[in-house]
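Colleague: Would you give me a close look at a single buried charge in this model, and then place it in its wider surroundings? I should like one connected account.

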Amino acid sequence: SVVSNSYKSISITNPSNDSTVRSAPGNVTISVATDPTLMPGDQIRLIVNGVEKKTAAQTAFSIQNMDRGTHTITAGIVKPDGRLILMSQPSVFHLKR
């Protein structure tokens, strides 16, 4: 059976693309928006610099102790069976500690 992808979009809303984040301890809050809003049972997978950081039923993620420099983040919607159905465009930010 085919499960339709009922989402129109997913995007990184914070930090905004190509923005500079200043945080001495290297803590960054990453916000994700989906259209429509995240449905029960679905989760967001957060990928930072190509590495899966967290998968959870939430749209805000706190990452601690990130290295200074340029980071690329993407997010995807994961169905309850583990299938990744939609990925955001990559978003880049620059961390100054």
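**D42 and its surroundings**

Modeller: D42 lies in the loop between β3 and β4 (strands are DSSP runs of E with at least two residues, numbered from the N terminus). The model is a predicted one, in which local features need pLDDT of at least 70 and side-chain atom pairs count only at pLDDT 80 or more, while totals for chains, interfaces and linings use all residues. Residues are numbered from 1 along each chain as its sequence is written, and side-chain values use heavy atoms, with hydrogens and water left out.

The relative accessible area of D42 is 3%, so this residue counts as buried (under 20% is buried, over 50% exposed, and in between partly exposed, with a 1.4 Å probe and protein chains only). Leaving aside residues up to four places away in sequence, D42 touches Y7, A57, I77, V78, K79 and P80 (contact means heavy atoms within 4.5 Å). With K79, the side chain of D42 makes a polar contact at 3.1 Å (a pair of N or O atoms within 3.5 Å, one able to donate a hydrogen and the other to accept it; residues adjacent in sequence count only if both atoms are side-chain atoms).

The D42 and K79 side chains also meet in a salt bridge, at 3.1 Å from N to O (a side-chain nitrogen of Lys or Arg within 4 Å of a carboxyl oxygen of Asp or Glu). Because D42 is in the loop between β3 and β4 and K79 in the loop between β7 and β8, the pair ties together parts that are 37 residues apart in sequence. K79 is itself buried, at 14% relative accessibility. As a general point, side chains of opposite charge can pair when their charged atoms come close.

The whole structure holds 3 salt bridges. One of them joins E52 to R45, at 3.5 Å from N to O, and E52 is partly exposed with a relative accessible area of 48%. Another joins D81 to R83 at 2.9 Å, again N to O. D81 is exposed, with a relative accessible area of 53%, whereas R83 is partly exposed at 34%.

β7 deserves attention next. Of its 10 residues 7 are buried, so β7 is largely enclosed by the rest of the structure. β4 pairs with β7 in the antiparallel sense over 6 bridges (two strands pair if DSSP finds at least two bridges between them), and here L46 stands opposite A75. β7 also runs antiparallel to β9, to which 5 bridges join it; T70 faces H94 across this pairing. To β8, residues 84-87, the link is 3 bridges, likewise antiparallel, with L84 as the bridge partner of V78. The hairpin of β7 and β8 has 5 residues between the strands, and in it G82 takes a positive phi near 95°.

Several of these strands also contribute to the largest nonpolar core, which has 19 residues (buried Ala, Val, Leu, Ile, Met, Phe, Trp, Tyr and Cys joined through side-chain atoms within 4.5 Å). V28, I30, V32, I44, M66 and F93 have the most contacts inside this core. At least two core residues come from each of β1 (9-14), β3 (28-35), β4 (43-48), β6 (60-63), β7 (69-78) and β9 (91-96).

On the other side of the D42 loop in sequence, β3 belongs to an open sheet of 3 strands in the order β1-β3-β6, with antiparallel pairing. β1 and β6 stand at the edges with a single partner strand each, so one side of each lacks a neighbour in the sheet. From one strand to the next the twist averages 25° (axes are lines fitted to C-alpha atoms, and angles run from 0 to 180 degrees between N-to-C directions). Between β3 and β6 there are 4 bridges in the antiparallel sense: V28 stands opposite I63, and T29 has S62 as its bridge partner. In β6, F61 and I63 form the covered face, and A60 and S62 the uncovered one. In a regular strand the side chains alternate between the two faces of the sheet.
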